[in-house]
Amino acid sequence: MEVINGHLYDYPKYYDLVFGSDWKAEFDFVQDCCKKFVKKPVKRIFEPACGTGRLMYKLADAGFEVAGNDLNPKAVEFCNKRLVKRGHAPTAEVGDMSDFTVKKKFDAAFNMINSFRHLTTEKQAVGHLKCVAEAIKQGGIFILGLHLNPADVGDDYEAEEEWSARRGHLQVNTRLWSMEYHPKTRTEKIGFSYDVYTPSKQFRIEDTTTFRCYTRKHMQQLIKKVPEWELVETYDFHYDIDDPIVVDDDTEDVVYILRKK
């Protein structure tokens, strides 16, 4: 099989298939959170690090005004083309999720699947929470999902995930694995691979990225640094609005619901 060493985000068609196949649970959860935690009707929703906009266009179809930003121009182009194709304005922009402003405030924002962990410094993480807070109206919410490390994780930490997604004649088998973990710098080098199968060809795309690591305590400390937010609830990746969780030192997949004071 041919192997391409490339940036996964430069292949938005495959990225969207791999990470967009489970959109329904997240789509419903975002709307449920807006109804439960925001007193006024939510009309405008923003997604920092929107990528291909796999939820943005679904929310636009449901009647919300949506917008987002992402550092990758190819992902933003893919997102905007799909929005336009479905009759919506091309509202995604190339931008940094830790350093941006908006012209008109939003009622809610979301960043669901570890995109936040691409910010590898505390300064960037604080900047992200401050930017989103500035972009959200008082009483609005930010839905932030990420994978936590257990408090007792050591240098020998290992993790691996594999899953497949299919759309028509296109199938992509994905593998994600931890290559290096550095507790002192709180960074983790992650390997990605896509095995892509079409009727006419098969090939593999390989990439690496660096994630910042968080424990329960790290997230508590981070949220305290941005007093514009109050933590109102926590969930896991089952996205059940009626089943919140208590985050402890062993909890790994968490969705934080933050409300603008």
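## From an exposed glutamate to the core

Glu 134 is exposed, with a relative accessible area of 54%. This is a predicted model. Glu 134 makes a good starting point, as its side chain forms a salt bridge with Lys 105. The closest N and O atoms of the two are 3.7 Å apart. Lys 105 counts as partly exposed, at 33% relative accessibility. Glu 134 belongs to helix H5, while Lys 105 sits in the loop between strand E4 (92-94) and E5, so the salt bridge ties together parts that lie 29 residues apart in sequence.

Now to the core. The largest nonpolar core has 32 residues. Phe 116, Met 219 and Trp 229 have the most contacts inside it. Five elements each supply at least two residues of this core: strand E5 (106-111), helix H5 (122-135), strand E6 (136-147), helix H6 (216-224) and E12. Helix H5 gives the most, with 7 residues.

Strand E12 also takes part in a salt bridge. Here the side chain of Arg 259 meets that of Glu 230, at 3.4 Å from N to O. Arg 259 is in strand E12 and Glu 230 in strand E11, so this pair ties together parts 29 residues apart in sequence. Both residues are partly exposed: Arg 259 has a relative accessible area of 23%, and Glu 230 has 32%.

Between strand E11 (229-235) and strand E12 (253-260) runs a loop, and Asp 250 is placed there. Ile 245 is found in that loop too. Which of them is buried, and which is exposed? Asp 250 is exposed, because its relative accessible area is 55% and the cut-off for exposed is over 50%. Ile 245 is buried, at 18%, because buried means under 20%. Asp 250 also helps form a negative surface patch. The other members are Asp 152, Glu 161, Asp 248, Glu 252 and Asp 253. As for Ile 245, its C-alpha atom is separated by 25 Å from that of Pro 48, and the two residues are 197 apart along the chain.

Next comes the loop between strand E2 (44-48) and helix H3 (56-61), which holds Arg 54. Its side chain meets that of Glu 26 in a salt bridge, 2.7 Å from N to O. Glu 26 is in helix H2 (residues 23-37), and the pair links distant parts of the chain, 28 residues apart. Are these two charged residues buried or exposed? Arg 54 counts as buried, at 7% relative accessibility. Glu 26 is buried as well, with a relative accessible area of 4%.

Ala 49 is found in the loop between E2 and H3 as well. Ala 49 is buried, at 15% relative accessibility. What stands out is its backbone. Most residues other than glycine have a negative phi. Ala 49 has a positive phi of about 55°, although it is not a glycine. Asn 114 is another non-glycine residue with a positive phi, of about 70°. Asn 114 is placed in the loop between E5 and H5. Asn 114 is buried, with a relative accessible area of 16%.

One last view takes in the salt bridges as a group. How many are found in a search of the whole structure? The search finds 19 salt bridges. Some charged residues are linked in a network of salt bridges: Glu 122, Arg 186, Arg 212 and Lys 225.

Methods:
Residues numbered from 1 in each chain as written. Predicted model: local features only at pLDDT ≥ 70, side-chain atom pairs only at ≥ 80, totals over all residues. Heavy atoms only, no water. Patch = residues over 30% accessible without salt bridge, like charges linked within 9 Å, V, L, I, M, F, W, Y side chains within 5 Å. Areas by Shrake-Rupley, 256 points an atom, 1.4 Å probe, with all protein chains shown as cover. Salt bridge = Lys/Arg side-chain N within 4 Å of Asp/Glu carboxyl O. Lys, Arg positive; Asp, Glu negative; His and termini not counted. Charge placed at Lys NZ, Arg CZ, Asp CG, Glu CD. Helix = DSSP H or I, 4+ residues; strand = E, 2+ residues; numbered from the N terminus. Buried < 20%, exposed > 50% of the residue type's maximum accessible area, 1.4 Å probe, protein only. Core = buried A, V, L, I, M, F, W, Y, C linked by side-chain atoms within 4.5 Å.
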